[in-house]
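Biologist: I am new to this structure and would love a close look at one part of it. Could you walk me through how two of the helices pack, and then what lies around them?

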Amino acid sequence: MGMKYTDLVTSPERFFRQSLGEREELRVPGLIILAGALAAAVSGYCAGSLSARMMEPVLQGMGPVIVAVTVLATFFGTFVAWAVWAGVFYLISKFLGGKGSYSRCLEVVGYGFVPQVVGMVITVVAALVYLPKVVVPTLTSAAAQNPQMVKDATTALMHDPAMVTFTEIAVLVAIVFLLWSATIWIFGIRQVRELSLKHAAICVSVPVILYIIFQAYSLTGV
């Protein structure tokens, strides 16, 4: 019997138990990551456009390049995150006596990324609502030669009320939906790495909590 994808959300342990009877399959997890990458790229476009507008008087004609770099970084960064999370879980679970392949960890992380795709879509909506309201400071060619003025302009951009609100929403959404993903990853890692629930929880929770602490710290610095 094939896997029921609704079980991924309603009963992740059953979903991954059934997946062990299937061949390793990265196509569907890859498509999930691709969806997240596309959503991240849209947010990147919105944020990159602000930086491009601020720097346009200095880097004339380079605005599209700034935007393109930001879009590409956020798009491919999602795939990098996929590989990194899988690698972290693989290494920690190996230390805890886990068995199985790295590709299985990729499979689990990809499937468990579904909640974060939802979170990324919410972030895109927030970006479309709040970022157009941001008052973007502009730099003159003379000001660009002064590091302090560049820093002040960047600080003013990041502390614009609309930007602050968007940043808070983006970070909080990321944390909430990462926690949802973590619950799915725990059951997935437990199954594909043949760990106890306790060890699987340790394997997933430690890096996730450390990442959330980092995100919370970045939020306080806004």
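Modeller: Happily; here is the helix pair, followed by some aromatic rings, the cysteines and one further residue.

A word on the basis comes before the tour. This is a predicted model, in which local features need pLDDT of at least 70 and side-chain atom pairs count only at pLDDT 80 or more, while totals for chains, interfaces and linings use all residues. Residues are numbered from 1 along each chain as its sequence is written, and side-chain values use heavy atoms, with hydrogens and water left out.

Two packed helices are described by the angle between their axes and the distance between the axes. Here the pair is α6 (residues 114-130) and α9 (residues 161-192), whose axes come within 8 Å and cross at roughly 170°. Helices are DSSP runs (H or I, at least four residues), numbered from the N terminus. Axes are lines fitted to C-alpha atoms over the stretch in contact, and angles run from 0 to 180 degrees between N-to-C directions. The two helices are therefore roughly antiparallel, a label for angles over 145 degrees.

Contact means heavy atoms within 4.5 Å. On the α6 side the contact residues include P115, V118, I122 and Y130, and on the α9 side they include F166, V173, W180 and W185. The residues of this contact divide into 16 nonpolar, five polar and no charged. Ala, Val, Leu, Ile, Met, Phe, Trp, Tyr, Cys and Pro count as nonpolar, Asp, Glu, Lys and Arg as charged, and the others, Gly among them, as polar.

W185 leads us on to the rings, since ring pairs link W85, F89, W185 and Y211 into a cluster. Rings of Phe, Tyr and Trp (its six-membered ring) pair if their centres lie within 6.5 Å; planes under 30 degrees apart count as stacked, over 60 as edge-to-face and the rest as tilted. The structure holds 11 aromatic pairs. In one of them, Y90 and Y102 have ring centres 6.0 Å apart and planes at 85°, so the pair is edge-to-face. Y90 lies in α4 (residues 63-95) and Y102 in α5 (residues 102-112), so the pair ties together parts 12 residues apart in sequence.

Y102 is partly exposed, at 32% relative accessible area; buried means under 20%, exposed over 50%, and partly exposed in between (1.4 Å probe, protein chains only).

Now the cysteines. The count of disulfides (cysteine sulfur atoms within 2.5 Å) comes to zero. C105 is in no disulfide, and the nearest cysteine sulfur, that of C203, is 7.2 Å away. C105 is buried at 0%, and C46 is buried at 14%.

Lastly, D7 is found in α1 (residues 7-10) and counts as buried at 5% relative accessibility.

Technical notes. Parallel < 35°, antiparallel > 145°, perpendicular 65-115°, else oblique.
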